Amino acid sequence: MLEVSGVRKVYDGHGRTVEAIADLTFTAGPGAFVCVVGPSGCGKTTLLRCIAGLLPPTSGSVRVDGHPVTGPPPGLSVVFQEYARSLFPWLRVADNVDLPLRSARLPKDVRRQRVQDALAAVGLTDAATAYPWQLSGGMQQRVAIARAIAYQPRVLLMDEPFAAVDAQTRADLEDLILRVWRRLGVTLLFVTHDIDEAIYLGQRVLVLSASPTRVAEDLMVDLPDTRDQLATRADPRFAELRARVYAQIQKASPQRSPEMTFFDAKTWEGQVYSGGWTVAHGGDMAIVEPATGAELGRSGVADGQDVVRAAATAAQAQKAWAATSFEERAAVLRRAGQLIEQNAGDLRNWVVRETGAVPGLGDFAVGVATQECYEAAALAHRPLGEILQSNQPRLSLLRRMPVGVVGVISPFNVPLILSVRSVAPALALGNAVVLKPDLRTPVSGGFALARVFEEAGLPDGLLHVLPGGPEAGEALVTDRYIRVISFTGASATGRRVAELGARHLKRVHLELGGNSALIVLDDADIDRAVSAGAWASFLHQGQICMTAGRHIVHESVFERYTRALAEHAEHLPVGDPFTGQVALGPIIDERQRDKVHSLVTSTVEAGARLAAGGSFDGLFYKPTVLADVTTDMPAYEQEVFGPVAPVIRFSTTDEAVALAADSGYGLSLSILTADAMRGLALADQIPSGIVHINDQTVNDEAVAPFGGVLDSGTGARFGGAGNLDAFTDQRWITLRGDIPAYPF
Amino acid sequence: MSVRRAATAVALPIVLLTAWWFISAGSTDYQWPPLSKIVAAFVATWTPDRLRSEVVPSLERLAAGYALAVVLGIGLGVLIGSSPWLRAFCEPVLEFMRAIPPPVLVPIIMLVAGIGDAMKVVVIASGCIWPVLLNTVEGVRGRDEVLSDTCRVYGVRGGLRLRHLILRAASPQILTGARQALSIAIILMVISELFAAQNGLGFTVMQFSRGFQIPEMWSGVFLLGFIGVALAGAYQLAERWLLRWYHGQRSTGTGPRES
């Protein structure tokens, strides 16, 4: 029986007191198996030491079997995490188990019997005469357990006993502990950081809050008494308990004021993120919800000065970051991924309201952002380089070095994905980042990531989020500390970035516009093709670089396809995606809308047939189908960046290839056909960074290479292994034992 | 020890002795007698009687002084090492005492302990105690906290704790100190016999030197060398046995991290 009442522990030192445990009260009845979990640093070990009588609590009391604990109580034993340090290396295994019994002055034959039984119980009879250091880690911890058993305690404390052994050994030891506990009927308090282990082992799980520690939740584990590594963990109740404990720990971890949400406009309030939230030189401006015109908050506006200062700070911070272990960097990225997952709904709402995306697309963006963080975490684990062949007697190495500071410029359309896909891998590989999101979407393009990485424990100065206009952009591209630019946006701006970057000899990754072709062959399933075509042109109001800007349809199905697409378009609801069930939200602003509309009207004037749409209400532009277009019509020839589907006909496949290839761009290509190999053969003749056979043009995954050719950019610099090349420099290193003799 | 290693170990001494033998063969300089004469003198001088009358008393004093130093050093070291307060209190004095070369203490010790065997034992002990004491303090202080906690939890205290925790945990350092002390002990054994002695190895060598019995003097120097080597060898065997756990643990790389 173990009673902990009102225990508080304050550490005093060097003029500063730290409250490790605030107020802990719980009891564990005779024979109970209680697991204690909590966020790291929550004072689990302090609690255990207070119970063991190794540390006096500042106030409150601990009772074991009714007796107050003042020093280590009799009938209590402890299994420590550090097995290698808790066994006596100069004593053989049996003597290690025997020593506590000798101190208890038990008769020799009793001792011998107990040692034998205990070693048999943990399966170490054969190792009795070995020294602990001759055994594996798992076996050493078994010895420590045997020592605890032989002592026949009434209370057994275990402090993360399996944290340092491998997974298989751990599973074995967990089952061993369950057997021992059943046999001894001992009260067992098991401290662990592993939620699964706690639920698997315990009858009860105590969840502690972050320091100063309290009991956040006392959870009964209603799983069958006999536990099984596979069956128990597969039990739906197990998953339920796990989720509950996990949520409880997460709630207990960060210390935020409860009235603020994770992504709260009050956090930035007219500021930018550069060494904490700070006022920018360029003043501030409203963040407007395009669907309603409402102000969602205010953003700081960075100018050139802000960028220069941020880049210098970032360069300074980057040195230490590059020197941290890969595990530390990976851990930050993993936590960032977790934080995005935990606050997915909140973040989705920002994407929806700020960019006008429908909730489905918002969820998709949040999902990709999570995946980008986890992929980046894995990227940090990749080998640093290669050992090269050399014709000299020397070690010749390729070592990847972080580039230093990476400048990221992201656009307004899908800012969350287009920022995080550079920010996450660049950070993971040891770089610092200065991120300039579009002024219209500073939150989902930047502040959201600032919040995530701030909470994920990214060291100060490594990520700067500076929403700004052309001046800030130019400062970013020309700054001396920024060596690599990752730009996503319009081709004209991209060209300017490339020119400026070239003058400063920078590496520039460009992911620009597109006018992607969607080819419908005569053998395609037309109903599916229409649905895919509508999605490709109208998703996110056509404001996606991969949007299908040209529907190239075989003449035999042309009429049917156009009619069905127009009908489809007529029935798609357009409106505020945050409050209504709609398929299309608003265009980002009036300028974009007017540009879209002028392309549509001039195309109609040039002789195209307006099969659907072509009108707007405020920023809500109706999905538009333009039939009978020719190659010289503006909406066909140019990138529209609006919900417009120009449809053109072809008669032979050669003609289809010629039409599709006749474009300055080359981002995404879709071919819909019953014969996938034929589709692939056609695709081989058309320049494009991305090809989807029997799928539409808009697709994205963090693990896939992403980027276009021709005017669409500099190729696949994002996603998959491309990130490694994009954000590191390759250094050639050679080493030899002696300096070679040279002719002079 | 393999044959190869044994051969490596004795190769240089053999070469040196052979060179000495031939270089000194025709020497008429009485300061540098031929090695053959020294060997002859060694056999003639160090008869069993001589060994009993001169060498045994020296070794007895060495053993007594060394033992005294080790026992006192470990005892005081455990005491001082266990208390941070006591350690801070004693440290300056210990450092001061350690810095004094023991031979200069001989006249002072003579005033207190007279000129008999007691004086010589005290001289040896006073020089040997410092490495043992200071190393023991370090060893006791630096023991692993987890092991200490383990002892507290299981109620291991008193003599059991001293034997199985404190002394064993400190033993690698203690034995390092004791090894340093052994070489100091041999030096001090000789030095103590240069003052007011009636017998002993140092005394005898001094006598030969003063009586211009140069080959005999050389043979005494050789004997001292042999005794030193023999003691060091015996020590090494003892240490290896006492610290077999320590060397085993280190070679498997499972030892506690240095903290």
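Mentor: Before we start, a term. A helix crossing is right-handed if the near helix is turned clockwise from the far one by less than a right angle. Also keep in mind that this is a predicted model.

Trainee: Fine. Which handedness does the crossing of α17(A) and α18(A) have, left or right?

Mentor: That crossing is right-handed.

Trainee: At roughly what angle do the two axes cross, and within what distance do they come?

Mentor: They cross at roughly 35 degrees. The axes come within 9 Å. Helix α17 covers residues 470–478 of chain A, and helix α18 covers residues 491–503.

Trainee: Which residues make the contact?

Mentor: From α17(A), Glu474(A), Val477(A) and Thr478(A). From α18(A), Val497(A), Leu500(A) and Gly501(A).

Trainee: How do they divide by class?

Mentor: There are 3 nonpolar, 2 polar and 1 charged.

Trainee: Let's zoom out. How many helices and strands does chain A have?

Mentor: Chain A has 25 helices and 33 strands.

Trainee: And what percentage of chain A is buried?

Mentor: Buried residues are 51% of its 744 residues.

Trainee: What about contacts across the sequence: what share joins residues at least 24 apart?

Mentor: The share is 70%, counted among chain A contacts between residues at least 6 apart.

Trainee: Now the cores. How many residues are in the largest nonpolar one?

Mentor: It has 155 residues. Val433(A) and Val434(A) have the most contacts inside it.

Trainee: Which helix gives the most to this core?

Mentor: Helix α14 of chain A, residues 359–379, with 11 residues.

Trainee: Where does the core lie relative to domain 3 and domain 4 of chain A?

Mentor: Between them, because both domains give residues to this core. Domain 3 spans 265–511 and domain 4 spans 516–710.

Trainee: Back to Val434(A). What does it touch?

Mentor: Leaving out residues up to four places away in sequence, its partners include Val307(A), Ala310(A), Ala311(A) and Ala314(A). Val405(A), Gly407(A), His464(A) and Leu466(A) are also among them. So much for the first core. A second, separate core has 117 residues. Among them are Leu2(A) and Ile51(A), plus Ile129(B) and Val153(B).

Trainee: Chain B, then. How many residues does each chain put into the contact?

Mentor: Chain B puts in 20 residues and chain A 25.

Trainee: Which elements of chain B give two or more residues?

Mentor: Those are α7 (145–153), α8 (158–192) and α11 (244–252). The largest share of that side, 6 residues, comes from α7(B).

Trainee: And the class make-up of chain B's side?

Mentor: It has 8 nonpolar, 7 polar and 5 charged residues.

How values were computed: Residues are numbered from 1 along each chain as its sequence is written. Chains are lettered from A and ligands numbered from 1 in the order in which they are written. This is a predicted model: local features need pLDDT of at least 70, side-chain atom pairs count only at pLDDT 80 or more; totals for chains, interfaces and linings use all residues. Helices (H or I, at least four residues) and strands (E, at least two) are DSSP runs, numbered from the N terminus. A residue is buried if 20 or more other C-beta atoms lie within 10 Å of its own, exposed if 12 or fewer, and partly exposed in between; C-beta atoms are placed from the backbone. Two residues are in contact if their C-beta atoms, placed from the backbone, lie within 7 Å. A nonpolar core is a set of buried Ala, Val, Leu, Ile, Met, Phe, Trp, Tyr and Cys residues joined through C-beta atoms within 7 Å. Domain bounds come from an automatic or database domain assignment. Axes are lines fitted to C-alpha atoms, for helices over the stretch in contact, and angles run from 0 to 180 degrees between N-to-C directions. Ala, Val, Leu, Ile, Met, Phe, Trp, Tyr, Cys and Pro count as nonpolar, Asp, Glu, Lys and Arg as charged, and the others, Gly among them, as polar.
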